[in-house]
Amino acid sequence: MSHIQKEIQAIKSGLPEGVHLVAVSKFHPIESLQEAYDGGQRIFGESKVQEMTQKYEALPKDIEWHFIGHLQTNKIKYMAPYVALIHGVDSYKLLAEINKQASKVGRIIPCLLQIHIAQEETKFGFTPDECLAMLEEGSWRSLTHVQIAGVMGMGTNTDDLAQVETEFATLSALFRQMKETYFTDAPYFKEISMGMSDDYLIAIRQGSTLIRIGSRIFGERNY
Ligand SMILES: *Cc1c(COP(=O)(O)O)cnc(C)c1O
């Protein structure tokens, strides 16, 4: 087994039922993804549409491609035919644009609403209040080519693990509130995407269903 395959096995062997690993392969070459694939990994996360599309074209077609980056509206059309889940939807406008591109290719694209839970100013996302206001307003119900499948968030980049745990607990609580208020009859509303290389064990404790791990599997990235 290669280093990449060993890391994937080690992470997966500790995952509770219902928690899935997104292998974040951004900036890593096709050969590294192929190695992970040969070790059984089928979900990959990428943050640039062009890079993801090149990898999609080069690799086996049973891979689930998750887009985890910040999305520009003019790039949606390139991934609309194949993307399995878009994690970082942080405005109604973006959701409506994904809906439009999905309808053109006859698909329903699952999306996660990105919530700002970290202390840093720079991270994208709805505040919890903005997210609830968007759902309450109701226009999203007419977007029949997207499916809101849950929420996504990033913890503060800090050594204060109690802080990160509080943030993940906040995201979990918001997920439950949204489920009870807007998605009781929607079995597809089930994902909480939180947890990266340094904080995924905390995220799992707080109810994560999708952990997004890059450097622990593939090593440091060369930007
Ligand atoms: C890059 C990235 C990750 C992976 O981060 P690592 O610390 O390398 O595990 C996870 N989520 C998002 C949104 C990212 O951009």
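**Aromatic close-ups**

**View 1. Y56, a partly exposed tyrosine in a predicted model.** Y56 has a relative accessible area of 24%, so it falls in the partly exposed class. K61 sits over the face of this tyrosine ring, 4.9 Å from the ring centre.

**View 2. Y56 and Y82, one of the 5 aromatic pairs that the structure holds.** Here the ring centres are 3.9 Å apart and the planes meet at 10°, which is why the pair counts as stacked. Y56 belongs to helix 3 (residues 49-58), while Y82 is in the loop between helix 4 (76-79) and strand 4 (85-89), so the pair ties together parts 26 residues apart in sequence. As for Y82, its relative accessibility is 10%, so this tyrosine counts as buried.

**View 3. F183 and F189, a stacked aromatic pair.** The two rings are 4.1 Å apart, centre to centre, with 0° between their planes. F183 comes out at 1% relative accessibility, so chalk it up as buried. F189 is buried as well, with a relative accessible area of 1%.

**View 4. The aromatic cluster around W140, F175, F183 and F189.** Pull back a little from the previous view: F183 and F189 join W140 and F175 to form one aromatic cluster.

**View 5. R42 over the face of Y37.** This one is an arginine-on-tyrosine arrangement, with R42 at 3.5 Å from the centre of the Y37 ring.

Conventions. Residues are numbered from 1 along each chain as its sequence is written. This is a predicted model: local features need pLDDT of at least 70, side-chain atom pairs count only at pLDDT 80 or more; totals for chains, interfaces and linings use all residues. Side-chain values use heavy atoms; hydrogens and water are left out. Rings of Phe, Tyr and Trp (its six-membered ring) pair if their centres lie within 6.5 Å; planes under 30 degrees apart count as stacked, over 60 as edge-to-face and the rest as tilted. Helices (H or I, at least four residues) and strands (E, at least two) are DSSP runs, numbered from the N terminus. Buried means under 20% relative accessible area, exposed over 50%, partly exposed in between (1.4 Å probe, protein chains only). A charge sits over a ring if NZ of Lys or CZ of Arg is within 6 Å of the ring centre and within 35 degrees of the ring normal.
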